[in-house]
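Work through the exercises below with the model open. Each task is followed by a stepwise solution.

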Amino acid sequence: MTVRKLAVTILYSTVLGLLTTSKAQAASFTFKKIVDTNSSFRIPVYEFNSPAINDKGTVAFSGAYENDNNSGIGIFTSNGKKITTIVDTNGTNGSFSFLGTPSLNNFGTVAFQGERTLNDVSGVGFFTGNGRSLTTVYFDDNAKAILVSRPSINDKGTVVFTDNEFGKTYININGKITFIANTNGGNPSINNQATVSLILPDRGLVTRNGQVTTIIADTNNSFTSLSGDGSPINKQGSVAFLANLKSGDEGIFTGNGGSLKTIADTRDSFDGFGASPAINDDGKVAFWAFLKSGGEGIFTGSDLVKNKVIATGDNLFGSKVTGIESFDLQGLNNRGQIAFAASLANGTQGIYVATPENATSVPEPSSWLGLVVFGVGATWLHLYKNK
């Protein structure tokens, strides 16, 4: 074979090989067990909910516990080794009869809602704690019902929350409570710049920082409703949210005041979504979805192969996933780690963290394909001129 024919053959084979291997590949994750129903809790926990993960890999979550003498709810943190009880309804850190969904910052401080008796006065409020003591953020001793809103806490310890009895959203900065807006309830979120995302009755989903309000999405055009379960906001002011479309579909979207980006919807493989999505400072999104083909899973986009994190039927710690039990709007951190609760075929339920094996991005095949073709072509030209 001549040098020229050899170079042409190499070029053809290289291009063909790249084209045939550029199809979607499954995402690669390693998994860590944070806790499960076999873990050493003071009172055995049989159900886990609302796992929120910070950038250190610590997870805050709620758990329902029961033994022959006691039953109730607790809020805990763990990194897969030590389990810390923040509060429970069995007398740890106060006399609580109800506990809501936790929010976690990078310093390990947890914010939560709860009903408690404080100085012989019963009421409902929002609190923060780290396993040693609790701080009262807001307390309403006249509340007629549970304040079902979940709070949100940032790294400065600023807490935003909604008093759903009166439909008012507040922010607590260094112990000073300031009114933000009248709402119809829902769960506000806050970033480290103290920008808050919330839903206003007359304007839709907005972000607000001081007197500056930015409209993210409304129901004037494509959407019939916006989820009030919470819409997380990252440091750039981008908000991830769940919404119902006028077409009858449901979708996960992101926006920062300009054009909206569709992350996934029910027009293709997804049948619905289990909770609000999560977003990190890189703009990556994770969400819990149900499949039209059956089953459910955690995904980072619309491709069922390339964007799958975990799904029913997958192997996990010597068993198989039978169901996703919980995912939270704080379930994705800035390292790309994803926290979720799942049930396994061996009868256990637990909280797990998925860590992407390749944290740094690599060029898409279409971009480096041209570089390889150019390189092979240049080699052929060099050989041809010097044969």
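**Exercise 1.** Which strand does strand 2 join, and by how many bridges?

*Solution.* The model is predicted.
Step 1. Strand 2 is joined to strand 3 (residues 59-66) by 6 bridges.
Step 2. The two strands run antiparallel.
Step 3. For one facing pair, take Ala 52: Ala 60 in strand 3 stands opposite.

**Exercise 2.** Place these strands in their sheet and find its edges.

*Solution.* Step 1. The sheet is open, has 4 strands and follows the order 2-3-4-5. Its pairing is antiparallel.
Step 2. Strand 2 (45-53) and strand 5 (83-88) each have a single partner strand, so they stand at the edges and one side of each lacks a neighbour in the sheet.
Step 3. From one strand to the next, the twist averages 30 degrees.

**Exercise 3.** Trace the sheet of 5 strands and examine one end.

*Solution.* Step 1. This open sheet has the order 1-31-30-29-28, with antiparallel pairing.
Step 2. Strand 1 (29-36) and strand 28 (315-316) have one partner strand each, so one side of each has no neighbour in the sheet.
Step 3. Strand 28 pairs with strand 29 (residues 319-326) over 2 bridges, in the antiparallel sense.
Step 4. Asn 315 has Lys 320 in strand 29 as its bridge partner.

**Exercise 4.** What lines the second largest pocket?

*Solution.* Step 1. The volume of this pocket is about 480 Å³.
Step 2. It is lined by 29 residues; Ile 190, Ile 233, Asp 281, Gln 330 and Asn 334 are the closest to its centre.
Step 3. Strand 7 (103-104), strand 11 (152-153) and strand 15 (189-190) each give two or more residues to the lining.
Step 4. By class, the lining holds 15 polar, 9 nonpolar and 5 charged residues.

Methods
Residues numbered from 1 in each chain as written. Predicted model: local features only at pLDDT ≥ 70, side-chain atom pairs only at ≥ 80, totals over all residues. Heavy atoms only, no water. Pairing = 2+ DSSP bridges. Axes fitted to C-alpha atoms, helices over the stretch in contact; angles between N-to-C directions. 1 Å grid on protein atoms, 1.4 Å probe; cavity = no way out; pocket = protein on both sides within 12 Å on 5 of 7 lines; lining within 4 Å. Points joined across faces, edges and corners; volume = space filled by probe spheres on them. Nonpolar A, V, L, I, M, F, W, Y, C, P; charged D, E, K, R; others polar.
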